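Here are a few short exercises to work through with the model open in your viewer. Try each one before reading its solution.

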Amino acid sequence: MKEDVRLMKGNEAIAEAAIRSGCDGYFGYPITPQSEVLETLMEMRPWETTGMVVLQAESEIASINMVYGGAACGKRVMTSSSSPGISLMCEGISYIAGAELPCLIVNVQRGGPGLGTIQPSQSDYFQATKGGGHGDYRMIVLAPASVQEMYDFVFDGFDLAFRYRIPTMILSDGVIGQMMEKVVVTRNRGRMSDEEICRQSGDWALTGRKANRQRHVATSLALEPAEMEATNLRLQAKYNEIEQSEVRYDELMTDDADYLIVAFGSSARIASETVQMARKKGLKLGLLRPITLWPFPSERIADLAARMKGILCVELNAGQMIEDVRLAVAGQVAVEHYGRMGGQLFTPGDVYEAVQEKLLKKRRH
Amino acid sequence: MAQKQEEVQIVPENRVYGRPALLTDRVMHYCPGCSHGTIHKLIAEVIDEMGMQDRTIGVSPVGCGVFAYNYIDIDWAEAAHGRACAVATAMKRLCPDKLIFTYQGDGDLSAIGTGETIHTCNRGESIAVIYVNNAIYGMTGGQMAPTTLVGMKTATSPNGRDVKLHGYPFKIAEMIACLEGVRYVTRQSVGTPAGVRRAKKALRKAFENSMEGKGLSFVEFVSTCNSGWKMTPVAANQWMEEHMFPFYPLGDIKNE
């Protein structure tokens with residue numbers, strides 16, 4: 001059969017993938033640069049085909065709490081927003097993590113802090129990987145670097161969310177959300193029937209208390225310290241398991257590299273050009289692109305660091321992922337940062353210059 | 001000489017009243033005299049009488065009602081403070097065959113959750129909203145609520161609620177009654193046996209509306225908080241009649 005290849009925006013790919021991944025409900029609120037997700041869904045009217053619910057909420061706070069309600073019923077539910085909206089959702093994300101519910105959250109990042117700018121940024125790395133909301137919780141964070149990955153990660157995100165009963169985030173940015181690329185539109189799975197929900201989530205989902213089982217309660221409350229600690233220990237055990245099993249990354253010319261760039265998402269796209277540029281000039285530069293920002297590919301970075309002369313973290317922020325890279329490298333080699341902020345981008349040439357300045361020149365001194 | 005009473009064996013066949021089947025054996029944490037226990041009992045009875053136990057999901061609030069899930073034997077979600085109506089919205093949209101209701105106090109529903117409450121009402125979601133208004137924050141230790149009456153002393157209005165400082169008490173039921181998506185708004189109380197009987201009918205109507213997809217039903221319970229008000233149960237009931245009812249009059253506000 002001929003491949004179904006379409007030209008679409010990253011945000012449109014999220015909407016298309018939502019319907020095709022058997023999503024039961026999308027709840028969102030308009031914010032630039034991701035409003036095309038909700039717009040595309042409203043245009044496509046999936047409630048007439050798959051029965052998927054699409055609802056424009058009155059705020060991001062309402063959106064994430066609708067996600068909480070849907071997820072508690074064992075449904076495949078999601079929301080999307082951009083940085084300031086995700087800040088509003090952080091309380092709800094903490095509750096979802098605490099109640100161990102599965103869901104998908106898409107953040108098409110823009111520059112901050114505050115109202116900031118509508119231009120792209122990667123300055124929500126800390127928020128996505130270190131919490132944002134209160135309490136010791138984690139989200140699985142997937143960082144797409146293409147429109148195809150925007151599409152694919154919706155499927156992967158739902159699968160991971162349900163495998164571990166954990167909120168999963170696609171951490172994208174205004175570049176990937178707004179640009180158009182070819183997408184191979186694959187897969188088309190239906191929504192889960194009530195029977196499938198009972199099979200998959202029968203021991204926790206709110207499906208109505210039947211005579212043959214105890215009542216189910218979705219809650220993150222445990223006033224007894226012993227009970228609350230037990231909840232935390234259970235969460236930590238789950239997070240350990242995810243760190244063992246779900247790390248994903250991509251590499252470019254690392255085999256013989258002397259110097260390494262670590263970059264994710266749109267920065268990694270730009271930096272991959274820098275690697276090509278450097279190779280033409282005889283500089284052995286490689287790229288490691290974390291695909292999961294949590295769990296972070298710490299082990300692989302530590303292995304690579306052992307044979308590098310220098311590492312540059314390239315990010316559209318003031319230096320956030322660099323903290324995780326340095327923790328992984330543990331002093332084996334110098335780790336420097338290069339970034340732009342406030343919606344500014346760098347070119348492959350800018351990154352090449354930064355490699356020269358921050359890795360090669362410093363080394364000679 | 002006293003007549004020897006005929007011994008009556010209590011067996012299920014001759015029992016005229018009992019504990020509702022859907023109330024669990026768990027001892028309630030509510031203070032003696034608090035309205036929550038009676039309201040819980042009515043909800044349990046109505047769900048049971050409608051035969052809806054296996055198709056009902058409740059959403060509990062943050063506040064004294066947070067542990068409602070320990071007492072009524074149905075599936076529950078515990079919502080973040082104020083967000084119960086948003087949680088319930090998604091549940092009803094995704095599971096239209098279920099009976100979905102929220103159970104919220106006045107701090108939860110008409111302070112921090114005002115936005116979610118108003119917009120859920122305005123969308124006309126076919127859920128039932130149960131609103132327990134005792135004019136005070138009970139669980140956090142008796143602070144002023146939006147519903148606190150003028151002059152009423154609380155932990156954060158120690159000299160009595162002053163409108164210049166705190167604004168006026170909030171009648172959210174009257175406010176949402178103007179919204180087109182709202183089908184039924186009523187204000188009840190469980191301070192007397194007659195009130196309990198009326199309240200049960202109101203709950204049944206709200207739940208039936210939800211199942212018939214008729215839009216949102218809102219049942220407010222003007223309630224006591226003995227601990228927060230620092231009164232005995234009897235005095236609190238009397239105070240409720242003398243001060244709460246004139247400002248929050250009982251009866252249907254909207255019934256279409």
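**Exercise 1: the end of a helix**

Right after helix 7 of chain B, G213(B) adopts a positive phi of about 65°. This is a predicted model, so keep that in mind throughout.

Task: work out how the span of helix 7 of chain B fits the 1.5 Å a residue rule.

Solution. Start with the count: helix 7 of chain B runs over residues 193–211, which is 19 residues. Next, take the reach from first C-alpha to last, 27 Å, which is close to the expected 27 Å.

**Exercise 2: two faces**

Task: find where the buried residues of helix 7 of chain B sit, seen down its axis.

Solution. First list the buried ones, taking under 20% relative accessible area as the cut-off: among them are G195(B), V196(B), A199(B), L203(B) and F207(B). Looking down the axis, the buried residues fall within an arc of 155°, so they line one face of the helix. Then check the face turned away from that side: it carries exposed P193(B), R197(B) and K201(B). Finally, ask what covers the buried residues: the cover includes helix 1, helix 2 and strands 3, 4, 7 and 8 of chain B.

**Exercise 3: the sheet**

Task: which strands stand at the edges of the sheet, and why is one side of each left without a neighbour?

Solution. Write out the order of the 8 strands: 9(A)-2(B)-1(B)-3(B)-4(B)-8(B)-7(B)-9(B), an open sheet with mixed pairing. Strand 9 of chain A and strand 9 of chain B are at the edges; each has a single partner strand, so one side lacks a neighbour in the sheet. Now zoom in on one edge: strand 7 and strand 9 of chain B pair antiparallel over 4 bridges, and T186(B) has D252(B) as its bridge partner.

Definitions and conventions
Residues numbered from 1 in each chain as written. Chains lettered and ligands numbered in written order. Predicted model: local features only at pLDDT ≥ 70, side-chain atom pairs only at ≥ 80, totals over all residues. Heavy atoms only, no water. Pairing = 2+ DSSP bridges. Helix = DSSP H or I, 4+ residues; strand = E, 2+ residues; numbered from the N terminus. Expected span 1.5 Å × (residues − 1). Buried < 20%, exposed > 50% of the residue type's maximum accessible area, 1.4 Å probe, protein only. Arc of directions from axis to C-beta. Contact = heavy atoms within 4.5 Å.
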